[in-house]
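Visitor: I would like to go through this model element by element. Please start with whatever term is needed to read the sheet.

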Amino acid sequence: MKIVGVSACPAGLAHTPMAAKALEKAGKSMGYDIKIEQQGSMGQINTITAEEAKEADLVIIASDQKITGMERFSGKKVLRVDINICIKAPEAVIKKCVAAVSS
């Protein structure tokens, strides 16, 4: 399963990279192809291309902020999750998201 996502917090300096790294590490250890883009005051880091978005089975949005470029994910299963939970329990977030799109 291919998973892409975006993490973003108001400042984009701490929680954004922490959530992205936690999700990517957990996803890889669970055997998923995963890439998380970071959006914040530094701009976009690890940007998801239109091609990567098209190939994705699932999109995780770890934010309650407005996300730039949501049109890339049109027609995809998009799940919004709390950024703090992504940092604290990334495996549980991924399991829950995968179960939601697999059912």
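Guide: Two strands count as paired if DSSP finds at least two bridges between them. The model is a predicted one.

Visitor: In what order do the strands of the open sheet stand?
Guide: The open sheet has five strands, and their pairing is mixed. Neighbouring strands are turned by 20° against each other on average, direction ignored. The order is β3-β2-β1-β4-β5.

Visitor: Which strands stand at the edges of the sheet?
Guide: An edge strand here has a single partner strand, so one side of it is left without a neighbour in the sheet. The strands in that position are β3 (43–45) and β5.

Visitor: Over how many bridges do β4 and strand β5 pair?
Guide: On one side, strand β1 (residues 2–8) pairs with β4 in the parallel sense over five bridges; there Gly5 has Ile60 as its bridge partner, and Ser7 stands opposite Ala62. On the β5 side, Ile61 has Arg80 as its bridge partner. β4 and strand β5 (residues 78–81) also pair in the parallel sense, and the number of bridges is four.

Visitor: Is strand β4 enclosed or open, and how many of its residues are buried?
Guide: In a regular strand the side chains alternate between the two faces of the sheet. Leu58, Ile60 and Ala62 point one way from β4, Val59 and Ile61 point the other way, and all are buried. Strand β4 (residues 58–62) is therefore largely enclosed by the rest of the structure, with the buried count at five of the five residues.

Visitor: Which element gives the most to the largest nonpolar core?
Guide: This core has 19 residues, and among those touching the most other members are Ile3, Leu23, Leu58 and Ile60. Two or more residues come from each of α1, β2, β4, α3 and α4. A second, separate core of 10 residues includes Val59 and Ile61. In the largest core, the element that gives the most, with five residues, is α4.

Visitor: How far apart are the end C-alpha atoms of helix α1?
Guide: Helix α1 (residues 15–29) has 15 residues, and at 1.5 Å a residue it should span 21 Å. The end C-alpha atoms agree with this, being apart by 21 Å.

Visitor: At what angle does α1 run to β2?
Guide: Buried residues of α1 include Ala19, Leu23 and Ala26, and their cover includes β1, β2 (33–40) and β4. The helix lies across those strands, and its angle to β2 is about 180°.

Methods:
Residues are numbered from 1 along each chain as its sequence is written. This is a predicted model: local features need pLDDT of at least 70, side-chain atom pairs count only at pLDDT 80 or more; totals for chains, interfaces and linings use all residues. Side-chain values use heavy atoms; hydrogens and water are left out. Buried means under 20% relative accessible area, exposed over 50%, partly exposed in between (1.4 Å probe, protein chains only). The expected span of a helix is 1.5 Å times one less than its number of residues. Contact means heavy atoms within 4.5 Å. A nonpolar core is a set of buried Ala, Val, Leu, Ile, Met, Phe, Trp, Tyr and Cys residues joined through side-chain atoms within 4.5 Å. Axes are lines fitted to C-alpha atoms, for helices over the stretch in contact, and angles run from 0 to 180 degrees between N-to-C directions.
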